[in-house]
Structures are given as structure tokens and as C-alpha cells.
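Reader: Could you take me through this model and tell me what stands behind the terms you use?

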Amino acid sequence: MRSIVVLHHFLCLLLLLSHLNSVSSWKKEEFRNCDQTPFCKRARSRKPQHCKLIATDVAIQNGDLTARLITPKNFEQNPDEDSSEIASKPLILSLSVYHNGILRLKIDEDPSQNPPKKRFEVPDVILPEFESKKLWLQRHTKEVINGDSADSFVVYLFDGYEAVLRSDPLEVFVREQTSGNRVLSFNSHGLFDFEQLRVKKEGDDWEERFRSHTDSRPYGPQSISFDVSFHGADFVYGIPEHATTLSLKPTNGPGIEHSEPYRLFNLDVFEYIPESPFGLYGSIPFMLSHGKSHGTSGFFWLNAAEMQIDVLAPGWDSESSISLPSDQKRIDTLWMSEAGIIDSFFFIGPKPKDVVKQYTTVTGTSAMPQLFATGYHQCRWNYRDEEDVKNVDSKFDEHDIPYDVLWLDIEHTDGKRYFTWDRVLFPNPEEMQKDLASRGRKMVTIVDPHIKRDEGYHIHKEASKNGYYVKDSSGKDYDGWCWPGSSSYIDMVNPEIRSWWADKFAYTEYIGSTPSLYIWNDMNEPSVFNGPEVSMPRDALHYGNVEHRELHNAYGYYFHMATSDGLLKREKGQDRPFVLSRAFFPGTQRYGTVWTGDNTAEWEQLRVSVPMILTLGITGITFSGADVGGFFGNPDTELLVRWYQVAAYLPFFRGHAHHDTKRREPWLFGERNTELMREAIRVRYTLLPYFYTLFREANVSGVPVARPLWMEFPEDESTFNNDEAFMVGNGLLVQGVYTQNAKDATVYLPGDETWYDLRTGTAYKGGKSQKVDASGAIPVFQRSGTIIPRKDRFRRSTVQMENDPYTLVIALDSSGKAEGELYIDDGKSYEFKNGAYIHRKFVFSNGKLTSVNLAMSTSAGPKFLSDCTIERIILLGHLTKSKSARVEPTNHVTEVELGPLQIRTGVRPSVLTIRKPNVKVSDDWSIQLL
Amino acid sequence: MKIHTKILVFFIFSSTLVLISSAIPPNELLGIAPEDEIYYKGLWSSGTIKCKDGSKTFTRSQLNDDFCDCFDGTDEPGTSACPTGKFYCTNAGHRPLTIFSSRVNDGICDCCDGSDEYYGKTRCNNTCWEAGKVARDRLMEKIVIYEEGVSIRNNEVVQAKVSLEKDKENLSKLKNEEKVFKRIVQHLKDHKEQIEKAIEKERIQKEKEEKKKKESELKEHKDEDKVDFAEKEFEKSNEDHKDPAVDVAQNAHLSHDNIEQHTAKKEESSDVTHTTKDIDSLSKEDLGREIGSRWTGKKTEHQHHDDDTINVDNEENNEYNTETDEDHEHYEENDTNDHMDVQESNDDSSSSHDYDPDDDAEDISDMESTNSPSLVEKIQQTVKNFLVTVNPFQTPVNTSEAENVRKEYDEASEKLSKIRSKVSRLTKKLAHDFGPKKEFYSLHGRCFETKQNKYVYKVCPFKQATQEEGYSTTRLGRWDKFMDSYGVMLFSNGENCWNGPDRSLKVRLRCGLKVELSDIDEPSRCEYEALLTTPALCLEQKLKELKNELQFLNKDQMQLHDEL
């Protein structure tokens, strides 16, 4: 009898364990792999030289180089086994050249041949002004390459670069003019394949089944695949979003056991794992390469259908007969997409920042965030009610920890009806927001794209009446399942619907919203709990009879865009929107912020968050972050502290947690840990003037705030594969700590110049690895030759810091020089676009610091004024002992003494400090050390 | 006399203030607490003083010059320049306040006198008079409560002492009784066994004689065998019944029944688990629910809740013996000892009561669950009576004597087991930590309830805490201990949460005249908090502090009036 009881307990335990197990791990089998994805499987199985197309009728037309791609007669009778269906209609190719080294390649079906349907071109991603940057080609030159039977056509691309269309075999490439070395090439291995749309014949079975879902595929196969080679490349990077290393590991070829290609398909993946090529919440089909010999180049394919990308290991094509110019360091890639057209861009670089600039010329730079958004954000699923909000808010003050935004997750709504409030929990939302705002704090609420199918819900009523929902394949409103239960999804592809949606954010429409309320878009992949792969069926129909398969990856982007437009509209274009989105696509950077979704409280997830965010940065989205502490699970205290320390240096800084986790606000783990987390957050706040200047740089040039080391040190090969450390701007190097009980950390400091420990000012020689203390904080260094502006006074939030004085930290290089910038504006409006900002350059040389104006001089327009002064100037690496300094033009002398690098109890005065120069930050001045 | 001292104190205080004030310009003293002013005196006599941490010296011109020279903030008490500094606001008419330097000139009025915002960008009204009045009124209310609370508490402390003595007395009495009964039971047992042996012996002998008869009268003796067999069976089961082992066996039997039930339920739930894995076979709606539940855990939690209930059943079954004994005993104990409690719980029945009603209910349910064995007992009794009456055999051993011995033995051993459980229960009770003055003694054996939305929360100090919704009860925790020097009661090891921790409850204790439960909160999932007011927390020391504070506030008030 006893044994039965024991057995029973054991069984219960087993049952419980299996239960837990079944919900706490990534459901790999619920997502399609390449073999289960016919277009991917077909494309992967093709051998080099599969493509038989040749270019004919090459001509200059409307400033482009155009051609028709046809299959020569002798191949038509002899089609490949797997492409027997390919119609022999010609394809249209065009090559366009844009300013600053951008080549655009488009290939589509010939509209004059009346294809069954127009293939989808992704609208509203390319900047409208991009077309104005086009160079109108006037002529081409002909050339014979490798003894080809047909001519190749060469056009000018950029100083020292040419674009070449090789007609037979078909190849498009960019080369250096003088050396003739290829930089980037298309179809060099003949893997190009374009499945043209055709009329369904009797007996054609186009349906695809995955698990319980059937995709009717009414238009049949329409996939595209091709190979792209990056020449002179040591590594390739980019194509987010994957939880993986910064440099992309090969996925196919010799030595690769079995790997999936990198998948780009926006998915809500429950408990994703690090080190996986599987697709996550967002997709950017933009890859960068970097190598010692050429530098950096990039390739971007504007396509919103499911994409799979193989990075091919060297030797993958060893059986093939072709020989490209012997370029040891070439990286070949295979790009496959289910639908759409080829609209692609080649970026010549050659410097890392050039490629990012070129890419953002096409898709736009990051929007200038409001200052508050660069501070710390506190979120949880869920801060339950108004009292909870009040308590959390006051605890920050009680512990003197600054923060700027308090977030409310889905439970704040009335039954997951967005734009509404649970009036039991939140009876007075306006009061609540105003109370927060009285201390300068903002609030963010969540608004998702799934709309509860409830006749009493005004959004649903309007959307269904106006036909604003995505339709299923039969033309009825698509009915899926998400948080509210049965839900439909707003068709955000239609500009009219986006405009309607944007109007919903007006204060009169969104009852309970105030000007200090901003928005969070979640679940916009879109996440559909009962859909295939937890998303929308591919045969669902959008505006213009576009199938969901054609635009899936851009759906969340349009939703994000519409929400951002809503916030813009509600303040008549005067207030910069803040909208956080989980899904993203090229162009997302113009509309807001993204985060890396539902991560887990594990050390490996802290580690992978760094390459994930760096990858987003180099592919245009600079304002991104990961949930501090990890969304799922309870971080141990040390992990949480380390997470704060690392995340404080990453662009978007938000703590967030699942509702099953323990509370983890920074004051809940004992005095010492509160102190450590407070310090991490405070350091972030002291550096906000620097961060804000960097956000402006990103806004102007596209160069991200958080940068891979190789972006700043493109010549230093030791940095190419380093994703444990990163640069904030050009001045700070941050080394993360990703292991338990780490007392010290080994940091590789690039370049030959000296680096200064951010806390102590200790100097370290560059060009080698250094073992440094990591006990109280992660190692951070200021690069010599830079000047970093800070605000050292701690406040409740960014709002109260507005009038605080600045500290400048000057780290001199070996020649006694340094430079830095400071950008200031009102932190919220668009007046900066009219010149209302302060932009200074600080130059130090020969013992003299000079402040120079970098702002465009606009005599008319609004001005941004600031009475802020500089209260302290710290000099690192200054050898002569000065006692005083002369300030011009006021011609007064101020003291120079030893001071602390950071004012904290117990530190020793160790660095040379110019005391109270009290010059205005907006003025021209100079300070000479005496 | 009292007034005199007050005036004297006031005079000394204000004259020091005047003395210092005359020596140091007041604006330079900004942000310095009066008791701290003495530290800065040297700035006016010698021109420089040390930072408090000794790290540096600073001059008079560096005091409050909006540049941080001392890293501990000594030189900038009145500005925001030092990150670790503190700013003191006088707040005449109200309590003085020390705030973080980061609040100085940040555009937000932190001091009711507005002294923290002197840049002029933000205008702060002086609200100290109004705020001070509110604070004083509140303080006075609190003092009234404390005064009464302290006397209730003192009473309870005395009461607890008496009750505890009684408990101890009872315990030693019971222990003596236990010894006595142990001996009696042993004696009866020996006696009973002797008689039984004699009966057995006689029976065997008779059997031998019968055998001979049987051989000749085989047909007639058929019935007799049957009876013999039945009697034997009865004796065995009767004996077993007195043996504690039988309870285990019965219990095991019960458990077995439950296990069958559980297995059925388990199969159900494993079916669900199965479908969890094979989500493809779900309907669209169920699929949506299933996938969504991964994030929310809701549906699966419901599933799990069933499991929990099973566990509870199971545990209750395991504890069946001791629980019922204890409860039974407790019932008696209350009858005799805890009259006061009963009365009190009657007074305030809506929010607090003794365990008994609850435990009675448990008793009833337990009775129900043990229904069948008692039925068996009845049947056995009938069979036995029948046998006694129809038994055709006469034995030389006096059967009635044997019966009496048996009966006596039964009664005595039952009594012994009752005494034993009383002893164990009382020992357990006395082992509890009732606080340094035993001021929490009166909370033993009582429960306190509060309703929030659809849930009724019930806290039984030294026992357990539960959350009830309709007929379902979830245990939030078993009594664990006091925390934070008797400021918090901890109930831990409650029912497990799906994908989460075991439930737990922290009850913050606060001085109040009645014992009342309120403010149930669940700040993290399945980690509950509540507030319980009790006179046990009305400490004399605290009352003194409150009175001092009021005195201070009133004095301040007087001063303000004088100035006005």
C-alpha cells in the first residue's frame, strides 16, 4: 500500500515536471525549418551554375542600365529537373547608381508580358528623398571578361568604383577601378533562380501543409534565390534578428554538421534560446562584411516575404568548375525569399561607418529621441493598479535612484481592449499620469494590433464596419486568437487605415491619455496564438489583394509607423513620438525604438543581448535594448546587477519582467546591491549629455550609438570577432561581464593609444589584453584623444537635470590632444530641425581647450538658449602640473587642483581638475592652462 | 514646574540659535541642521575646516559655492553640487526634514517651507502650517490609540502569563495521568492476554474432544465450523481495531481509494499534457488558448489547481489521525480553558474566530470519509451479539469477565491515546514563540478574516493562512515564524504556484485596538502581504516616542506663533 502511495507521489512529480518542461522551453518543432519550407529546400539543393539566364538588350534608359534576362534557346528544351515549371518569359533587370557609392539592382517580371499578378514591392520603406540622390547614367562602356562570348557592360559608380553587368554568364558586380578587384558580386555562382507567376493548371497542387495549418497558395511557387559574394571579407554581420554572435557563423558547407540558414521571418518565439539562426521578432535583410583587405561593404535586399540566408563556409563550391579571381578571403552567401521581387542595394563602404551611412541614405536614420527616452525605464507585467504605480514611483525617490518612465503592460486595459483602462484598477489614469509628470516622469501604455472582436468595443466596431481588418483567404475578416481571445488585425499596409489608426491617439479618442503618455507596440509580428507558427496565415489578404506571405515581415513596421504617426498627430507635429516596437523591418529606426523581446534571466542571454543590440545598430536601428534582468524567470541577484551594469551603456535601458517572476526593482536585494544598481543607473544619467550627442550623430549620419569595436578600429583584426565589448560612440569602451563570481575581467583594448579607466582614471596601454578589476562595476574605459561631456548631479529624472552644469572629461592622446562634441536641444520638440540647438566642438591642444560652434548659423529661425555652465574640467594624461588656468574672453583666472574623477564618498582626489571655469556651454571660449 | 522646564529648554535652544545666527550669515548656513551648525563654526573663526570624512579642508568661500569640494558633501549642505549630500529644511510649523541634495533646486517643492527651491525658477508656497496641523492631529489620534493599546497589551501580557502557567500545569498533570494510564493499560493488557490464552487453551482442548465427536457425528457439526470461523474473524478484526496499526491500514485503504481517483484524474490531466504536445489536434480556439497560456500560464494553472487539490486531499488523509485527535482534544481544551477567546470571537465574529468552527467542519468531513469503517464496526457488533446469544458452547472460563476486561482495556487505551495527543498538542503549543512578553499568546487558536473582491483571506496565527473562493480553499502558507523583531508574521510553504514559487504570506503587524486583518496584496505572483492590527504591537516605548514628537511639534508651533 505504502509503495503505491509513494509511487503516486512520484507520478505526480513526474507529471508536474513534464508539465513544466513542456512549457518552459523553445518549441522548435512548432516552427518550420528549411526542409519543411519547400522554397528553401529547393533553393538549397541547387548546384552552382544552375542559372542559365543571360542579359540581352542592354541599354541606358531613364538614367539606368537596363537589360532583359532570357534563357537561351538551347537551354529551353532542357530545363533543370527542379525548375521544370519555370516559364521562359524574360525578366527585366535594371541597375541604378546613387550618390556616395550605392548601386541598386532590380529584377522583376516583365509587366508587358501580362503576368497573373503584380508582384509585391514593399512601399514606404525607401526614403522619398532617396530618388533625388540618383546619378543619371549617361553611358556605359563595353568590355570582355574572362574571354566571355558576350560583352560585359561597365558603368561609373563612385570615385574609384565601377558597376559591371556581365551578360553571359549573368553576373552583376562592383569592382575597384584601378585594381579591378571585385567588392561585391551577384550570381557569381549561378544560383540565381526566379520562379515566375503562372496560371494554375489542372493537376497543380500548390497547397502547403505545416502541422494543422494549410496554406492554399493560390498563386503557386514564386520564390527567388541568388548568391551574393563579399570579397575581401573576413567576417559578415547583420541580418537581424537572431539570438547569436555578432559575426555570422557559416550555416552550410564543409565542416558544418547540420545547420539551418539564418531565417528572417517575424515570429513571436516563446522562450527563445541563444545561439540559434532561427528567426525572431524582426527582420532586416541587410548584411555587412568587413575584412582587413577591403574594409567594409554591404548588401540589402528590400523584400518582406519569408527569407532564408545561408552563409557558406569556404570550400562549399569546391566541386564547381568556375574560378573567381583568387581571393582567399571571400565570403559567399545564398539569399532565398518566398515571394516579392529583387530590389537590392550594394554599398561599397569602404569604411564601416560609410556602409551604415549608405544604408541609412536608403532607409533613413534613427529618429531623434526625446531626452527622457534615453534615461532609465521601469516596466513590469504588470504594475497592477494606481497604488502600485505610486509605490514603485515613490520607492525610486526614497532610494534616490533616477528613472524617467513607468510602463503599464496589457493588464491595465479593460479586457485587453487597447485604448481603454481597467477602471477598477485604474480609476483615474489622467491623475496618475499628471502625478508622475509633476516629478518629470512619463508613462507608457501598451497598444497591440490584435483587436478584440467585441461589438461593444468602438475600435472593433469601426474597423469591421469600414473593412479595416486583414482578410482571410476567403475574403472574410480574419479571426485569430490573441490576448483578448478572438481577435482581428488592423490592415496597416493601407495608408488610409494607418491614418485612421493614428487618429485614435488623439486625447479626445484615447480617453485617459495625457501628453506625458507614450506607447508600446507589442505582438506586431503579428503574433496569432492559433495561427501557423504563432502568426498569421500566409494566404491572408491585405489591401490591394496582397497576400500576407508577401509582406509578413513588414506588417509590424507599418503598425509601428501608424502608432508613431498617431503620437505625432496628437501634438500637431510638435512632440517627438516615443513608440517601442517588438517587430521591426528596414525603416523602423525612423519611427521608434525596439527591444529584443521575451528573453530569459540567464547569463547566456545577457551575453547574447550585446551582439543582438550591436547588430541592430549596424543595420540602422540604433535605439534598441534588451529587458534588463531577463523577461522570463528570476535572475539571481548578481546577474541582475551585472545586467544593469551592462545595459546602462546600451541605447535603450529598460527593466522588465514576466508576471510570474518575483519583483525585482533595484531596491529589493539588500543595501549593497541597491547601491550597485543605483550606481549603474546614475552613471548612465551622468553620461546622458554624451549619449544624447551620440543619438544626434545617429540621427544625422546613421552611425549607431553602440558600436562594434571594429567600427572604430577597422584595422585591428583582434576586434573583428569581439562581441563581448563594445564602443559607446568613439570615446568609451565597455567590457561586459557575463559570468558568475567574476572578480576581474580580461579586456582587449584596441589601437596603440592609452585608455583610462572610467572610475579611477588609471591608464592602460592599448593594443593588448588587460586584466582589470570588475568587482564593483564592469570595466569601462575612455579612449585617449576624446572629450566626454557629463552632468554629475543626480536628479529624479532627466527633466530636473536641464539646468545642471556640465563636467568635461578630457583624455589626452600621446601628442597632448583631444576632441569631443556636445549637442543640446530642448529634448522634446522638432525645433532643432529649424536650427534651435547648440552644437559645440571642444578641442584641446597645446594646453588649451577651445569651444567651437558646430551649429549651422541661422540668423532667422528659432534659437535654443541655455544658461548651463561648465563647472568642472578633468584632464586625464596631462603631464605638466598646472596651478591655474586663464579663461578667455572673460580673462579671469581659475584654480587647477587635484580632484576626483567621479565624486563618490571615499574616492581620492587624483586627477587634474580645472575648478569652476564657469563658462557658458553655449558660448565661444578658451581655457589656457598656466 | 513642567512649564518652567519647557520654557527653560526653549530659552536655551533659541539662545544658541541666536548666538550662532549672529556669528554666521543665515544664507550661508543653508541646508545645515541646527545640531550640525557647531561643526561649521571654525569657518568663521579660522577660515578653514575639514570635510567630515577628513579627506580635505575647505574655506568659507567654498561653503555652499555650488561646487563639490568634499566628496561627502560637507561643503555643500545647501546646494545640489555633491551627489551624496543632504539638505536640511527647517519647516517651521511642521517637522524639519532632511532631503537628498539632488532635490535642491530641481523644480519640485520638497520642503513644506519651500527652502529647497531658492533659484526662483519654481515658486513654492509655505504649506508647513497646514501640513503641521494635519500631522499633529494625526499624531494625537495615534497617541490615543497607543495609550489604550498599551493598556490592553499590558493586560494581555498578564493574562498570557496566567494562561501559560495553567497550560504548563495542565501539561504536567496530563503527563502524570499519562504515566498512570500507561500502567493501567499495560496491566489490563496483560490480564486480557492471560484470559485470552486461557480461552484459547480451553478451546484447543475442546476441539480435541470435539474431534472425536466429529468423527462420529460428522454431518451434524457442519454449522459449528462456520460459526467458529466467523468468530475467529471477528476477534481478529476487533483486536486490530484497538491496534494503532489498523488505523494505518484503514488509512492506507482510504489512500488506495484516493489513488484510484487520482489515477483517474491524472489520466485526464496527462491527456491534456498529451494534447499540449500535440497542439495540432486542437480546435482553432483551443489552440489560441493553449499557445497564449504559455505566457500567462492561466489555463495550465487551472489544470494544475486540480493537482493541488489532489495534493491537499492526500495530505489531509495522511494527517487524518493526528489532525482529528488534535482537533478533538483542542475542542475540549477550549471548553475548559479558553472561555475568553470564545467570548471574544463571538463579539467579532465577522472578522475573527477560533479554529473550532472550521475544525468542526473538518471533523464532519472526516467523519464522512471514515463512514464505512464505523459501519463495519456496527455490523461486527451485531454479528458479535448474535454469536454471543446463539453460541451453544459453554466454557469453563467466565466469558462475561473476559468481556469486561476487554472492555476496560479498550476504554483505558482510548483514554491513554487521548491523553497522549493532548500532551503532544499542548507541548506543541508551548513550544511556540509568543513574543518576548508572550504578548501574542492570545492570538493562538484564533483566525482573522478579510474579504477582498471574490476572495476571503483567513489568517490563523501559529497555524496557517488561506485564501477561499466559494468552496475552494488555497493554502497561502503554514505558520513559519515572526520576522523583523516581531513586526511581521511569516506563513510559508503554501500551495505551489504553476511555474512559480510556493505561496507565502507576510503579515505586517501594527498597533491597533482590535485584531483586524486588512490590505491583502500580492506584489509578486503568489507572494502575498497583509496587514494585521493588534494591541500586541502597541509598545510603551513607541508611545513615548510619539509623545516626544508631539511635544516637539507643539514647541515648534509655539515658536512660530511667537515669531508671528
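What follows is a short exchange on overall form and inner space.

Author: Ground rules: this is a predicted model, where local features need pLDDT of at least 70, side-chain atom pairs count only at pLDDT 80 or more, and totals for chains, interfaces and linings use all residues. Residues are numbered from 1 along each chain as its sequence is written, chains are lettered from A and ligands numbered from 1 in the order in which they are written, and side-chain values use heavy atoms, without hydrogens and water.

Reader: What makes chain A as compact as a globular protein of that length?

Author: The globule rule is 2.2 Å times the number of residues to the power 0.38, and the radius of gyration is taken over C-alpha atoms. For 930 residues the rule gives 30 Å and chain A has 29 Å, which is close, so chain A counts as that compact.

Reader: How much of chain A is buried?

Author: 65% of its 930 residues, with buried meaning under 20% relative accessible area (1.4 Å probe, protein chains only).

Reader: What makes a space a cavity?

Author: On a 1 Å grid over the protein atoms alone, a 1.4 Å probe fits at the points but cannot get out. The structure holds 13 cavities of 30 Å³ or more, a volume being the space filled by probe spheres set on the points, joined across faces, edges and corners. The largest has about 180 Å³. Its lining (residues with an atom within 4 Å of a point) has 17 residues, with A:Tyr649 and A:Val683 among the closest to the centre.

Methods: On a 1 Å grid over the protein atoms alone, a cavity is a set of points where a 1.4 Å probe fits but cannot get out, and a pocket is an open set with protein on both sides within 12 Å along at least five of seven lines; lining residues have an atom within 4 Å of a point. Buried means under 20% relative accessible area, exposed over 50%, partly exposed in between (1.4 Å probe, protein chains only).
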